[in-house]
2 protein chains.
Amino acid sequence: MARTKIYVDGPLGTRVPFTQVSLAPSPGGREENPPVLLYDTSGPGSDAEVGLAPLRRPWILGRGDVEAYPGRPPQARDDGRSAAAGRAVEAFPGRGGSSPQPLRAKPGRAVTQLHYARRGQVTEEMAFVAAREGLDPEVVRQEVASGRAILPANVNHPESEPMAIGRNLLVKVNANIGNSSVTSSVREEVEKMRWATRWGADTVMDLSTGRDIHTTREWIIRNSPVPVGTVPIYQALEKVGGQAAELTWDIYRDTVVEQCEQGVDYMTVHAGVRLAYVPLTARRVTGIVSRGGSIMAAWCLAHHRESFLYTHFEELCEILASYDVSFSLGDGLRPGSVADANDEAQLAELRTLGELTEVAWRHDVQVMIEGPGHVPMHKIKENVDLQMEVCHEAPFYTLGPLTTDVAPGYDHITSAIGAAMIGWYGTAMLCYVTPKEHLGLPDREDVKQGVIAYKIAAHAADLAKGHPGAQAWDDALSKARFEFRWEDQFELSMDPETARSYHDQTLPAQPAKTAHFCSMCGPKFCSMRISQDVREYAAAHGVGAEEAIELGMKEKSAEFVAAGGELYREA
Amino acid sequence: MARTKIYVDGPLGTRVPFTQVSLAPSPGGREENPPVLLYDTSGPGSDAEVGLAPLRRPWILGRGDVEAYPGRPPQARDDGRSAAAGRAVEAFPGRGGSSPQPLRAKPGRAVTQLHYARRGQVTEEMAFVAAREGLDPEVVRQEVASGRAILPANVNHPESEPMAIGRNLLVKVNANIGNSSVTSSVREEVEKMRWATRWGADTVMDLSTGRDIHTTREWIIRNSPVPVGTVPIYQALEKVGGQAAELTWDIYRDTVVEQCEQGVDYMTVHAGVRLAYVPLTARRVTGIVSRGGSIMAAWCLAHHRESFLYTHFEELCEILASYDVSFSLGDGLRPGSVADANDEAQLAELRTLGELTEVAWRHDVQVMIEGPGHVPMHKIKENVDLQMEVCHEAPFYTLGPLTTDVAPGYDHITSAIGAAMIGWYGTAMLCYVTPKEHLGLPDREDVKQGVIAYKIAAHAADLAKGHPGAQAWDDALSKARFEFRWEDQFELSMDPETARSYHDQTLPAQPAKTAHFCSMCGPKFCSMRISQDVREYAAAHGVGAEEAIELGMKEKSAEFVAAGGELYREA
């Protein structure tokens, strides 16, 4: 009746974390209930100023294909306008678990998991993922090799515990964190990352747009046990004082290198927002709502030139390949309202993302594809079907989608509906939406609410897809519920604290947690108990389903009344 | 920029309530935005001790087919064990808006909406529903006549504002209230009913199982502007001291008459739990979880006889027909875990409910069919398809379903996912689930959270089904959002208070609510604003979608930079 963190030996010497929930025996000691192992994203824990140990460093160095180098010289503008204005920033005390110098591929070497997988190599990262997912390592290798899954693992983020994103794996959840020019501090963001991974976030994206962008990211990466994603155009924009028209390929390129060296594991790149698509948004109800999409649209319009992200895409592939940074090809033209769902602007961009996927794969760079947004239920499946077709089964990574626009304040729910469905249809990772979406920046409680709503959606999708082992968790909890093992039910819950506290609100006394009744019906009558009486009666008399009817239960019913006693015993 | 309650003249002299949301013009007075009318379930409001005015009395009496009669004499046990034990109960001060004596059909007359509809009569009730739903009254009549919709309207609940439940109408939401032997008081339950209808509950079910059952129900019905449902077996069980084996048809029958006279609009009857089906549940993970189902299963087992609800079903139809009480045929064998979904016990009962539907229809009694429960996503559609087939398209009324068992404390979310989907597939009414499900009795805040999660699910289903007019609400809100009409966005929200307070948490100052930016990106950059710049630029230059590309925008881009100025104006 307790949760503990355990490490299970995986292939290739890996040690893989799980949350183990130990269970009480069934009532009367009828049978033992084996412990349940739950996927665990929370990491080993760290002192924020020291960072995590570099779990993957020996694996990375052991492959002999990377070299340390001095790295790009830091610049004042890396921390954005506030740094340029001379404001003090609390620097991360060291490089933490990463190398004193950044790593990159040796000349002529490819260091991506896609490259290894394609040449038939099962890496320690793949072995770790396989153990986490309960799969054969060879299956993981095949998924990565085919491009159906990615394993985001920058050589400069050795602190991360390997995970993979693909539709034949468990559905994953991303939590967005990061400051804005309006609110929040560096330490708050580290705390949000920890809080998000505690509740099950599989990756985090640092979407900072305000002060101290470089330094905030450093603190987060050094402490993050999960892959970290970013949108480099946000930082690039800060470097040019927020003037989209001032952006250049050189500034963008430099920002990407800066982030590769820091250890960012995947980057959202809105290279599909082409000049020709911008006018397609003019008659929409909500135009362009992606921040990155609108930055690039503004740049294209201001210069009347094709997007520099599109024209320099091959060069970008070369950079990302050197660090094993994965592409998350952004959907800059995603719909911002149900009215705009699945329109030509969205689909034109999607086709371009399919074309870019093939380019990236030629460079051995891993790719996933971002998707919407706001989509009514009947238009969700089309998104997945089209994405799989035009993007050659590269993993899909969607924001929700929200299934209605009318409930700001509850968009974790409007979108959990869409997220569960799109996960079932084949989306590999779900980007969470918090209750504050459209209204404000999420605080700690919003982050928790968003992550849990999305873990529910992801798990519901795993169940519907029949992922091996997914239902064992449900069955263990339902059995505990049916047997009134209250503590087991709490501990098996996605959020044990909340489950326990809700129960205590109605029935605060300790005995209620061992009682064979609950607050809904009270001690005098309980449907679960009757049902158990039925079962025990059937079992005691060796009566199976149809048999019972055949045998006739008249005589047995008399026994039931006499032996089972009244159906409503006082507890 | 405000919500007001208005009454719109409908056919046959009806006056139909709506919430009207007045909107501000678009920025710069570019265009007026017409007010939006939202479906309104909150009723005209009442003094709890007086009750509501009898809106429908003239319609009921005007048909000339009912008679007043002295009614069944009250009995001490009507208020359950506590009353029998002599505890004081606060009686409702009068009959409120209902007759001093109960009404019933005159001998030989049929008074159900199904009867009227079948003979081609559009009643005031149907006219009211048509105006609420934006449909032709003849369409409503046809839906009721075919049995595809029900219009629950006991002649003894004249206070109710007519509504109908059917898959070609808006998807409806029910909220369960009621005390248990553990907690809560009469006035609390009236307050929960009001609170639930304020947030959009289309019906309420009084599931009281504790003290003062009769009196609590009287207070609720006299004050309820929405149809009230019950599960009469709960009260009958209290009358026999909680001993299921002691139940008899006479006690049950007497309880049904008592509730018909009070004004209950629909009753859950678990007549499909037949003796032969009980053993089918023995190998389930969670047995029988329906309270009514387990009561009847226990009775069947104890007596080894066929359920008295099944054997006396025709007599029950005759009683319900006299008051126009609708059947809600209960799913006593619904699955209580995803493991048990769609099993033979559940489907055997469903087939019996289909058989009983035809019996009820022969008596002109309106019928809906209750459904699960706990169902993983991939098994949801089968429930609707089977129900439509075997129950001849009688409206489906489901509890959730929960799409996973592992998140107690969040079952409003696990089930909103299933509810939205099953609503889209054709379920007519969704029974809410609150965050306290499986853990405790819902308090006021839980009721609100449950109702809103289900209004989201119902509206998402309306959108996906393409219900006429459903999307206009989304479009109005999204347009307000895109134009930074913050107050309009709040007022159009399903929960204006929460939307406003979340916004204020990040940007408390009043100017922020008129500012053309939000807290996500801050005043220096906003994707919505860029997008508007794009649109205004295109409009100003007469540039349409493809045109823009054809014309070439080089020259225009220079203008854009010069005229539109920088893209990031300070707010």
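These are legends for an overview and three close-ups of chain A, all taken from a predicted model.

**Figure 1. Chain A as a whole, before we zoom in.** Chain A is built with 22 helices and 15 strands. Some 67% of its 571 residues count as buried. If you look at contacts in chain A with a separation of 6 or more, 74% of them link residues 24 or more positions apart. As for the outside, the accessible surface of chain A adds up to about 17,500 Å², and carbon and sulfur atoms make up 53% of that area.

**Figure 2. D340(A), a buried acid without a salt bridge.** You'll find D340(A) in the loop that runs between β12 (326-329) and α13 (344-362) of chain A. The residue is buried, and the nearest side chain of opposite charge belongs to R284(A), 4.4 Å away. That pair doesn't make a salt bridge, because the cut-off is 4 Å. R284(A) still shows up among the residues that D340(A) touches. So do V285(A), T286(A) and G287(A), along with P335(A) and Q346(A); this tally skips residues up to four places away in sequence.

**Figure 3. Helix α10 of chain A, mostly covered.** The helix takes in residues 291-303, 13 residues in total. From first C-alpha to last it reaches 18 Å, close to the 18 Å expected at 1.5 Å a residue. Twelve of the 13 residues are buried; among them are R291(A), S294(A), M296(A), W299(A) and C300(A). Glycines are on the buried list too, namely G292(A) and G293(A), as are the alanines A297(A), A298(A) and A302(A). Have a look at both ends as well. At the start, S290(A) brings a side-chain oxygen to within 3.4 Å of the backbone nitrogen of G292(A). Just past the other end, H304(A) has a positive phi of about 40 degrees.

**Figure 4. T403(A), a loop residue with contacts in chains A and B.** T403(A) belongs to the loop between β14 (396-399) and α15 (411-425) of chain A. Its relative accessibility is 0%, so T403(A) counts as buried. A polar atom of the T403(A) side chain lies 2.9 Å from the backbone oxygen of T414(A). Leaving out residues up to four places away in sequence, T403(A) touches a string of chain A residues, including V338(A), V375(A), P376(A), M377(A) and I380(A). I417(A) and G418(A) are also in touch with T403(A). From chain B, the residues touched are A460(B) and L463(B).

Note on methods:
Residues are numbered from 1 along each chain as its sequence is written. Chains are lettered from A and ligands numbered from 1 in the order in which they are written. This is a predicted model: local features need pLDDT of at least 70, side-chain atom pairs count only at pLDDT 80 or more; totals for chains, interfaces and linings use all residues. Side-chain values use heavy atoms; hydrogens and water are left out. Helices (H or I, at least four residues) and strands (E, at least two) are DSSP runs, numbered from the N terminus. Buried means under 20% relative accessible area, exposed over 50%, partly exposed in between (1.4 Å probe, protein chains only). Lys and Arg count as positive and Asp and Glu as negative; His and the chain ends are not counted. Contact means heavy atoms within 4.5 Å. The expected span of a helix is 1.5 Å times one less than its number of residues. A polar contact is a pair of N or O atoms within 3.5 Å; within protein, one must be able to donate a hydrogen and the other to accept it, and residues adjacent in sequence count only if both atoms are side-chain atoms. Accessible areas come from the Shrake-Rupley method with a 1.4 Å probe; for residues, only the protein chains shown count as cover.
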